[in-house]
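Here is a short tour for you to follow with the structure open beside the text. Please keep the viewer at hand and look up each residue as it comes along.

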Amino acid sequence: YIVHFTHPYHKRLLQNRQITKCSRFKTFEKIQVLMEKSPDQFTPKKQTEGSKSLLQSEELFEYILETSVYPREPEPLKELREATANHPMKVMCTTPDEGQLMALLLNLANAKKTIEIGVFTGYSLLRTALSIPDDGKIIAIDTNRESYEIGLPSIRKAGVEHKIDFIESPALEVLDKLLEDAKNEGAFDFAFVDADKVNYCNYHERLMKLVRVGGLLCYDNTLWGGSVAVSDESLVPVSMRPSRRATMELNKSLAADRRVQLSQVAVGDGLTICRRLY
Ligand code: SAM
Ligand code: CA
């Protein structure tokens with residue numbers, strides 16, 4: 001048998017020796033046969049950076065990081081990542097390989113003006129700030145300024161604070177306010193959404209007006225720990241269910257949205273990249 005490490009639970013089962021010889025099971029349903037406890041009684045193991053990956057093994061993820069990502073990670077980003085390492089919610093930090101992809105996308109889109117929803121300590125924000133020109137601007141929105149301040153010293157050290165307009169607020173209000181001014185329509189080149197999953201569809205409708213034709217809208221965590229592929233919701237931890245439902249809804253509606261070209265990439269926890277077509 002081979003285990004597909006698609007979710008921390010699978011690894012947990014292995015560690016608990018509830019699966020001794022591993023399995024080719026791809027679904028929670030089959031896994032559950034071997035479980036002594038229900039999935040709800042399992043708290044995901046304390047996650048390291050690697051265990052967030054949807055790849056088949058930690059080793060493969062480490063290989064990517066060590067070979068292609070860390071050697072090219074700018075020093076201030078590394079510092080910000082280290083400043084976040086002891087945060088109780090450090091799992092929220094964008095993975096460095098995803099950050100690297102973001103930088104590539106930003107450059108391909110010639111992004112100058114961007115919107116970021118969900119800043120946390122600022123890994124993806126600093127990645128963005130380092131990727132746009134010196135006179136570029138990022139509207140960075142988060143309901144919590146405290147965590148942003150953890151990354152702020154690294155942002156300052158990198159000399160890119162002047163590109164960031166941090167707004168402490170629920171994002172929907174900010175987007176609606178921006179849309180009150182017609183000048184903001186189509187004024188942005190890039191948007192990165194990494195916040196409350198239940199609002200992603202609402203963000204999309206607004207961002208489709210704010211981001212120019214040809215610009216990119218990126219939605220993070222669109223595989224939600226692999227839970228989007230679990231057919232029986234009762235097998236998914238209760239705390240993950242509202243976001244799982246919202247994410248499944250979003251994935252369906254983006255796939256049906258002819259206004260965008262899209263690709264759902266299995267990087268980090270799933271990143272859906274949309275390009276506005278009209
Ligand atoms: N992109 C970040 C990074 O690279 O580290 C991670 C963002 S974290 C996954 C999600 C963030 O969204 C949290 O900092 C949280 O405070 C913020 N958030 C949650 N609901 C929000 C809302 N309605 N409006 C704005 N921010 C929100
Ligand atoms: Ca995320």
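In this predicted model, Asn-110 sits in the loop that runs between α5 (96–108) and β1 (113–117). Its phi is near 50°, a positive value in a residue that is not glycine. Is Asn-110 buried or exposed? Its relative accessibility is 63%, and because exposed means over 50%, Asn-110 counts as exposed.

A second residue invites a look beside it. Phe-120 belongs to the loop between β1 and α6 (123–131), and although Phe-120 is not a glycine, its phi is positive, at about 55°. Here the relative accessible area is 9%, so Phe-120 is buried, the cut-off for that being under 20%.

Now let us turn to the interior. In soluble globular proteins, nonpolar side chains tend to be buried together. In this model, the largest nonpolar core has 30 residues, and Leu-125, Tyr-148, Ile-155, Ile-164 and Phe-190 are those with the most contacts inside it. The element that gives the most to this core is α6, with 4 residues. Another core lies apart from it and has 24 residues, with Ile-117, Val-193, Val-211 and Leu-250 among them.

What does Ile-155 touch, once residues up to four places away in sequence are set aside? The partners are Leu-80, Leu-125, Leu-126, Tyr-148, Val-160, Glu-161 and Ile-164.

Next in sequence comes Arg-156, which is placed in helix α7 (residues 145–157). Arg-156 counts as partly exposed because its relative accessibility is 47%, which falls between the 20% and 50% limits. The side chain of Arg-156 makes a polar contact of 3.0 Å with that of Glu-161, and Glu-161 is also one of the residues that Ile-155 touches. Arg-156 and Pro-76 are 80 residues apart along the chain, with 9.1 Å between their C-alpha atoms.

The ligand deserves its own stop. Which residues come closest to ligand 1? Of the 20 residues that surround ligand 1, the closest are Thr-94, Gly-118, Ser-124, Asp-142 and Asp-194. By character, the shell divides into 10 nonpolar, 6 polar and 4 charged residues. Three side chains place a polar atom by an oxygen atom of ligand 1, as listed here.

| Side chain | Partner in ligand 1 | Distance |
|---|---|---|
| Thr-94 | oxygen atom | 2.6 Å |
| Asp-142 | oxygen atom | 2.6 Å |
| Thr-143 | oxygen atom | 3.4 Å |

On its own, ligand 1 has 610 Å² of accessible area, and the protein covers 87% of that.

Finally, step back to the whole chain. The secondary structure of the protein chain comes to 10 helices and 7 strands. The chain has 278 residues, and buried residues make up 50% of them. How much of the contact set with a separation of 6 or more joins residues 24 or more positions apart? The share is 66%. As for the surface, the protein chain exposes about 13500 Å², and carbon and sulfur atoms supply 53% of this area.

Definitions and conventions:
Residues are numbered from 1 along each chain as its sequence is written. Chains are lettered from A and ligands numbered from 1 in the order in which they are written. This is a predicted model: local features need pLDDT of at least 70, side-chain atom pairs count only at pLDDT 80 or more; totals for chains, interfaces and linings use all residues. Side-chain values use heavy atoms; hydrogens and water are left out. Helices (H or I, at least four residues) and strands (E, at least two) are DSSP runs, numbered from the N terminus. Buried means under 20% relative accessible area, exposed over 50%, partly exposed in between (1.4 Å probe, protein chains only). A nonpolar core is a set of buried Ala, Val, Leu, Ile, Met, Phe, Trp, Tyr and Cys residues joined through side-chain atoms within 4.5 Å. Contact means heavy atoms within 4.5 Å. A residue is near a molecule or strand if one of its heavy atoms lies within 4 Å of it. A polar contact is a pair of N or O atoms within 3.5 Å; within protein, one must be able to donate a hydrogen and the other to accept it, and residues adjacent in sequence count only if both atoms are side-chain atoms. Accessible areas come from the Shrake-Rupley method with a 1.4 Å probe; for residues, only the protein chains shown count as cover. Ala, Val, Leu, Ile, Met, Phe, Trp, Tyr, Cys and Pro count as nonpolar, Asp, Glu, Lys and Arg as charged, and the others, Gly among them, as polar.
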